[in-house]
Amino acid sequence: MNIIVRPYGSGMCYCRPDTTWERENKDFYVPEGVDIIEWAPILFVRICKAGKCIGKKFASRYYDAFNYGALLYCRKEGSDDIAFTSCADHSSLLPSPLYNMVVLESPDNMFETSRNGEKAFSYPDSFSVEGLKELIEETVCRASEMTSVRIGDYVAIELAEKEVLASREEGDVSFKARYCENDLYDLNIIF
């Protein structure tokens with residue numbers, strides 16, 4: 001199972017190993033030597049059909065469910081190497097259950113994240129539904145250009161620039177998210 005990520009503002013994709021998937025809502029213990037935790041909110045879809053070089057006309061056939069989550073990036077001071085920052089265990093917050101794609105169309109369904117009780121990001125403040133569907137399909141196509149997508153893979157789209165979530169200097173942080181009036185995750189970043 002791959003987690004294929006499209007960074008915010010980029011047309012390229014990269015893969016995170018499946019060991020980065022946090023599915024049990026456990027606290028994130030920051031590895032030694034990491035000074036800063038950055039994060040980006042994501043929308044992710046589950047791949048339901050294997051494919052390679054998927055055409056945009058057919059992209060909607062390759063995914064069947066979605067949810068919102070977050071990607072954590074572990075940085076050492078002065079380093080921004082994507083291979084290092086994106087491979088820490090349990091740093092891809094991809095919560096369950098997944099939602100039917102019809103749920104995405106309701107503007108009443110809010111995705112909100114908070115850091116230490118203060119709003120960090122929310123949707124639909126940031127995007128239109130039509131824009132998200134187009135972005136999903138474009139990303140599924142781009143993800144399949146360089147690698148085969150397989151049943152059970154996830155394609156994640158960053159919805160905003162990475163921001164600092166926590167630092168060793170600042171200390172522990174609580175991090176929560178809700179969608180459709182359900183808790184997606186509620187965890188602590190612990191140094």
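**Exercise 1. Cysteines**

Task: Find how far the sulfur of Cys 87 is from the closest cysteine sulfur, and decide what this implies for a bond.

Solution. In this predicted model, the closest cysteine sulfur to that of Cys 87 belongs to Cys 74 and is 8.0 Å away, too far for a bond. A disulfide would need the two sulfur atoms within 2.5 Å. Cys 87 has a relative accessibility of 37% and counts as partly exposed. A search of the whole structure gives 0 disulfides. Cys 48 is likewise in no disulfide, and its nearest cysteine sulfur, in Cys 141, is 14 Å away. Cys 48 is partly exposed, at 30% relative accessible area.

**Exercise 2. The nonpolar cores**

Task: State how many residues the largest nonpolar core has, and which elements supply at least two residues each.

Solution. Begin with the general background: in soluble globular proteins, nonpolar side chains tend to be buried together. Here the largest nonpolar core has 47 residues. Ile 37, Phe 66, Tyr 68, Ile 136, Phe 175 and Ile 189 have the most contacts inside this core. Next, list the suppliers: strands E5 (36-47), E6 (63-75), E10 (118-123), E11 (154-158), E12 (163-167), E13 (173-179) and E14 (182-190), together with helix H2 (129-146), each give at least two residues. The most comes from E6, with 6 residues. A second, separate core has 12 residues, among them Ile 3, Leu 94, Tyr 154 and Ala 156.

Then look at one residue of the main core. Beyond four places in sequence, Tyr 68 touches residues including Phe 44, Pro 95, Phe 111, Leu 132 and Tyr 179.

**Exercise 3. Strand E6 and its partners**

Task: Work out which strands pair with E6, in what sense, and over how many bridges.

Solution. Start with burial: 12 of the 13 residues of E6 are buried, so this strand is largely enclosed by the rest of the structure. Now take the partners in turn.

- E5 and E6 run antiparallel and are joined by 12 bridges; Ile 47 stands opposite Tyr 63 in E6.
- Strand E8 (residues 99-100) runs antiparallel to E6, with 2 bridges between them; Ala 65 has Asn 100 in E8 as its bridge partner.
- Strand E7 (residues 92-93) pairs with E6 in the antiparallel sense over 2 bridges; Ala 70 stands opposite Leu 93 in E7.

**Exercise 4. Two buried residues, Asn 67 and Ile 42**

Task: Determine which backbone oxygens the side chain of Asn 67 reaches, and how Ile 42 is placed.

Solution. Asn 67 is in strand E6 and is buried, with a relative accessible area of 0%. Its side chain reaches the backbone oxygen of Pro 95 at 3.2 Å. A polar atom of the side chain of Asn 67 also lies 2.9 Å from the backbone oxygen of Pro 97. Apart from neighbours within four places in sequence, Asn 67 contacts residues including Ile 42, Ser 96, Leu 98 and Tyr 99.

Ile 42 is found in strand E5 and counts as buried, at 0% relative accessibility. The C-alpha atoms of Ile 42 and Gly 69 are separated by 5.2 Å, although these residues are 27 residues apart along the chain. Ile 42 is in contact with Asn 67, and also with residues including Leu 71, Leu 94, Ala 156 and Glu 158.

**Exercise 5. The open sheet**

Task: Give the order of the 5 strands in the open sheet and name those at its edges.

Solution. The order is E4-E14-E13-E9-E10, with mixed pairing. Strand E4 (28-29) and E10 each have a single partner strand, so both stand at the edges with one side left without a neighbour in the sheet. Inside the order, strand E9 (residues 111-115) and E13 pair in the antiparallel sense over 5 bridges. Ser 114 has Lys 176 in E13 as its bridge partner.

**Exercise 6. Salt bridges**

Task: Of the 9 salt bridges, examine the one that Arg 115 forms with Glu 170, and then two others.

Solution. The closest N and O atoms of Arg 115 and Glu 170 are 2.6 Å apart. This pair links distant parts of the chain, 55 residues apart: Arg 115 is in strand E9, Glu 170 in the loop between E12 and E13. Arg 115, at 22% relative accessibility, counts as partly exposed, and so does Glu 170, at 44%.

Glu 24 and Lys 26 form a salt bridge with closest N and O atoms 3.0 Å apart. Glu 24 is exposed at 51%, while Lys 26 is partly exposed at 47%.

Arg 178 and Asp 183 form another, at 2.7 Å. Arg 178 is partly exposed at 36%, whereas Asp 183 counts as exposed at 54%. Finally, Arg 6, Glu 138 and Arg 142 are joined into one network by salt bridges that share partners.

Methods:
Residues numbered from 1 in each chain as written. Predicted model: local features only at pLDDT ≥ 70, side-chain atom pairs only at ≥ 80, totals over all residues. Heavy atoms only, no water. Buried < 20%, exposed > 50% of the residue type's maximum accessible area, 1.4 Å probe, protein only. Core = buried A, V, L, I, M, F, W, Y, C linked by side-chain atoms within 4.5 Å. Helix = DSSP H or I, 4+ residues; strand = E, 2+ residues; numbered from the N terminus. Contact = heavy atoms within 4.5 Å. Polar contact = N/O pair within 3.5 Å; in protein donor to acceptor, adjacent residues only side chain to side chain. Pairing = 2+ DSSP bridges. Salt bridge = Lys/Arg side-chain N within 4 Å of Asp/Glu carboxyl O.
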